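Hi there,

Here is the structure I promised to pass on. Have a look at it first, and my notes follow underneath.

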Amino acid sequence: MLRQICCSGFQPFRQRLLPWLQSTALSRSRATDRVQPSAIRHVRSWSNIPFITVPLSRTHGKSFAHRSELKHAKRIVVKLGSAVVTRGDECGLALGRLASIVEQVSVLQNQGREMMLVTSGAVAFGKQRLRHEILLSQSVRQALHSGQNQLKEMAIPVLEARACAAAGQSGLMALYEAMFTQYSICAAQILVTNLDFHDEQKRRNLNGTLHELLRMNIVPIVNTNDAVVPPAEPNSDLQGVNVISVKDNDSLAARLAVEMKTDLLIVLSDVEGLFDSPPGSDDAKLIDIFYPGDQQSVTFGTKSRVGMGGMEAKVKAALWALQGGTSVVIANGTHPKVSGHVITDIVEGKKVGTFFSEVKPAGPTVEQQGEMARSGGRMLATLEPEQRAEIIHHLADLLTDQREEILLANKKDLEEAEGRLAAPLLKRLSLSTSKLNSLAIGLRQIAASSQDSVGRVLRRTRIAKNLELEQVTVPIGVLLVIFESRPDCLPQVAALAIASGNGLLLKGGKEATHSNRILHLLAQEALSIHGVKEAIQLVNTREEVEDLCRLDKMIDLIIPRGSSQLVRDIQKAAKGIPVMGHSEGICHMYVDSEASVDKVTRLVRDSKCEYPAACNALETLLIHRDLLRTPLFDQIIDMLRVEQVKIHAGPKFASYLTFSPSEVKSLRTEYGDLELCIEVVDSVQEAIDHIHKYGSSHTDVIVTENEKTAEFFLQHVDSACVFWNASTRFSDGYRFGLGAEVGISTSRIHARGPVGLEGLLTTKWLLRGQDHVVSDFSEHGSLKYLHENLPVPQRNTN
């Protein structure tokens with residue numbers, strides 16, 4: 001047992017359990033176990049951990065409609081299937097996994113929730129102990145009677161399940177007691193049979209006992225009394241709230257959940273959840289939300305490797321519990337990457353397993369939207385370039401024609417956001433006539449540049465006679481663009497997706513709900529003129545960003561547009577999906593000793609004050625030491641004071657001043673407001689070193705009249721955009737002539753800086769031959785490789 005626990009991946013519990021394991025003989029105990037029906041045993045220790053206050057009160061009677069509501073669950077039953085509790089060899093318990101589950105239950109219990117466990121494992125634990133007893137007994141007998149030192153091969157008889165349960169119950173409970181004690185939580189065992197629910201007096205007694213245990217902050221651990229329970233008989237149960245029979249732990253958990261009016265039942269098994277066909281089959285898809293009446297669309301497979309019931313039994317029990325007012329989630333409790341937090345993830349509302357709900361959403365699920373975007377995007381890519389351009393032109397026209405409706409929707413968003421959003425975010429949220437006109441102009445630029453984007457030949461090679469290879473541009477696939485407080489982002493990204501033939505999933509911030517809705521409707525109206533309306537989808541369901549980032553089979557690229565925190569969260573959450581974006585916009589401007597007095601103040605003012613919330617706004621001003629206490633330096637400071645810019649002094653700058661502004665807390669700060677860090681450097685090389693150390697590889701500028709110094713800066717600064725005598729605010733797709741951008745990438749991939757149409761394309765290879773086989777090119781073959789470069793069709797630049 002010690003080896004098993006130390007080899008598990010559960011470090012926090014292992015450190016606490018090790019002293020207990022060193023002092024107990026539980027794993028080698030051969031004491032006789034006697035289990036009494038309906039017995040109750042509890043640990044005589046009381047919790048001294050203060051509760052975390054959480055708003056958990058709710059009236060039972062109706063199940064939760066959405067996953068996001070599960071965090072309000074007060075009373076929770078966790079059912080541990082046999083496959084979760086037992087090892088792969090079915091003899092003994094999966095101790096590391098069990099310890100992880102206990103810790104999660106303890107965390108929730110100490111938050112003030114009322115936790116109950118329905119557990120399997122007694123049979124497996126007892127089988128391990130009985131096999132040990134039989135082997136030991138046989139080895140002693142053979143040693144006494146054979147007269148030989150070698151023992152013959154010993155056959156282990158088939159062990160009867162009830163005997164195994166009787167031998168394993170007390171050991172299983174002792175293990176639970178020891179584990180819960182590590183968190184100062186008391187646990188109590190309750191063994192039940194079907195009669196305990198069908199006999200009215202016993203049912204009232206059981207109910208009273210459970211309520212009393214929960215009142216005293218004790219975790220009840222419930223199991224069927226497998227030592228005495230009769231074999232399951234076929235019956236017509238699950239037809240009504242009061243007739244379910246307890247024939248396995250699935251039905252027991254459902255009955256217990258309804259009897260105790262629990263808010264949530266979590267059923268842990270060895271599969272991810274409920275699939276529309278047996279898991280492992282080619283077309284099997286995990287069902288995120290299951291609704292009553294959907295059973296006909298599901299094909300059930302065989303039951304798990306251990307245990308009494310299969311997935312069909314779990315679904316029947318879950319639907320019965322749902323009918324009784326308890327929400328249900330079926331999830332995987334055995335996967336090593338998720339089992340350490342599967343229970344807490346479910347309670348937090350994350351998309352884990354299959355959630356049973358009685359409320360069907362009005363629109364399609366996000367998975368269905370992903371499939372529609374995929375198929376719609378493929379149809380979009382097959383259109384002629386002129387047809388895609390026509391869609392974009394029509395969308396540009398709609399932005400101006402429907403201006404009043406758009407601004408009215410935007411006004412609703414601004415009114416609802418008043419007092420909740422900071423001033424910079426409100427500015428981003430706001431739309432105006434001039435913004436819509438600029439958007440329309442940008443969209444028409446995209447339409448003009450999209451004529452030969454998809455299917456453009458990049459390279460042609462003659463491999464051999466009549467064997468020619470082409471490399472052509474193609475769409476990436478399905479893009480997921482997540483944006484905050486920027487409704488003007490939606491038509492920009494939509495136009496770029498249309499021009500590049502990509503399907504698109506859009507997830508906007510709730511603060512722009514009304515604006516996003518009407519802009520999406522206009523985009524779909526434009527797409528409809530060529531029958532590809534479904535290529536662009538707006539996610540309106542309560543999907544968390546983290547859940548969207550897990551749809552790796554539906555999404556090919558994630559593009560976040562928003563705060564640096566949003567980008568970092570998405571980069572952390574995305575599993576297996578590339579993320580294009582920048583986490584921070586820490587832009588620098590270096591004022592050289594040979595800078596022009598007339599240019600410096602204009603460039604600093606525009607870079608910092610024109611739109612301080614933008615990611616391409618100036619955040620750190622580096623000044624050559626020789627400029628201190630000069631008229632140029634004084635002009636810069638006076639201008640910043642007039643513009644009400646708060647100055648933060650870098651360490652070197654502060655050392656030159658007797659009374660300095662507040663010293664900067666970090667040189668790696670994106671303020672996003674009228675605040676600016678000023679630091680002093682001795683040379684252009686020191687400025688470059690500072691940018692590389694504290695910058696974010698976004699946009700950096702040099703102001704100088706010395707061309708040699710400027711070129712040195714341009715060549716040596718390793719950022720996506722490097723400028724000479726120009727504002728940082730030029731770092732923008734529209735200003736670059738790209739029409740619009742999906743974002744600014746600071747990653748060192750094919751698309752860097754403002755990402756327009758070209759950044760949303762990848763390539764594929766087309767090979768045209770005439771019965772060519774590789775063997776013809778072998779040493780003794782009849783053909784030779786030519787590898788001749790062929791002319792590429794000229795690109796239309798009009």
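How many bridges join strand E10 to strand E11? There are six, between residues 457-464 of E10 and residues 467-475 of E11, and the two strands run antiparallel. One pair to look up is threonine 461, whose bridge partner in E11 is leucine 469. Please keep in mind that this is a predicted model.

These two strands belong to an open sheet of four, ordered E24-E11-E10-E25, with antiparallel pairing. Strand E24 (761-768) and strand E25 (788-790) are at the edges with a single partner strand each, so one side of each has no neighbour in the sheet. On average, neighbouring strands here are turned by 25° against each other, direction ignored.

Next, a residue in a loop. Asparagine 502 sits between helix H17 (489-500) and strand E13 (503-508). Its relative accessibility is 0%, and because buried means under 20%, asparagine 502 counts as buried. The side chain of asparagine 502 reaches the backbone oxygen of leucine 760 at 3.0 Å. Leaving aside residues up to four places away in sequence, asparagine 502 touches several others, among them Gly377, Pro475, Ala497 and Leu760.

Lastly, helix H24 (residues 684-694). Its buried residues are Val684, Ala687, Ile688, His690, Ile691 and Tyr694. Looking down the axis of H24, you will find them within an arc of 160°, so they line one face of the helix. The elements covering these buried residues include strands E16 (587-591), E17 (618-624), E19 (675-681) and E20 (699-703), along with helix H25 (707-716).

Happy browsing, and best wishes!

Key
Residues are numbered from 1 along each chain as its sequence is written. This is a predicted model: local features need pLDDT of at least 70, side-chain atom pairs count only at pLDDT 80 or more; totals for chains, interfaces and linings use all residues. Side-chain values use heavy atoms; hydrogens and water are left out. Two strands pair if DSSP finds at least two bridges between them. Axes are lines fitted to C-alpha atoms, for helices over the stretch in contact, and angles run from 0 to 180 degrees between N-to-C directions. Buried means under 20% relative accessible area, exposed over 50%, partly exposed in between (1.4 Å probe, protein chains only). A polar contact is a pair of N or O atoms within 3.5 Å; within protein, one must be able to donate a hydrogen and the other to accept it, and residues adjacent in sequence count only if both atoms are side-chain atoms. Contact means heavy atoms within 4.5 Å. The arc is that of the directions from the helix axis to the C-beta atoms.
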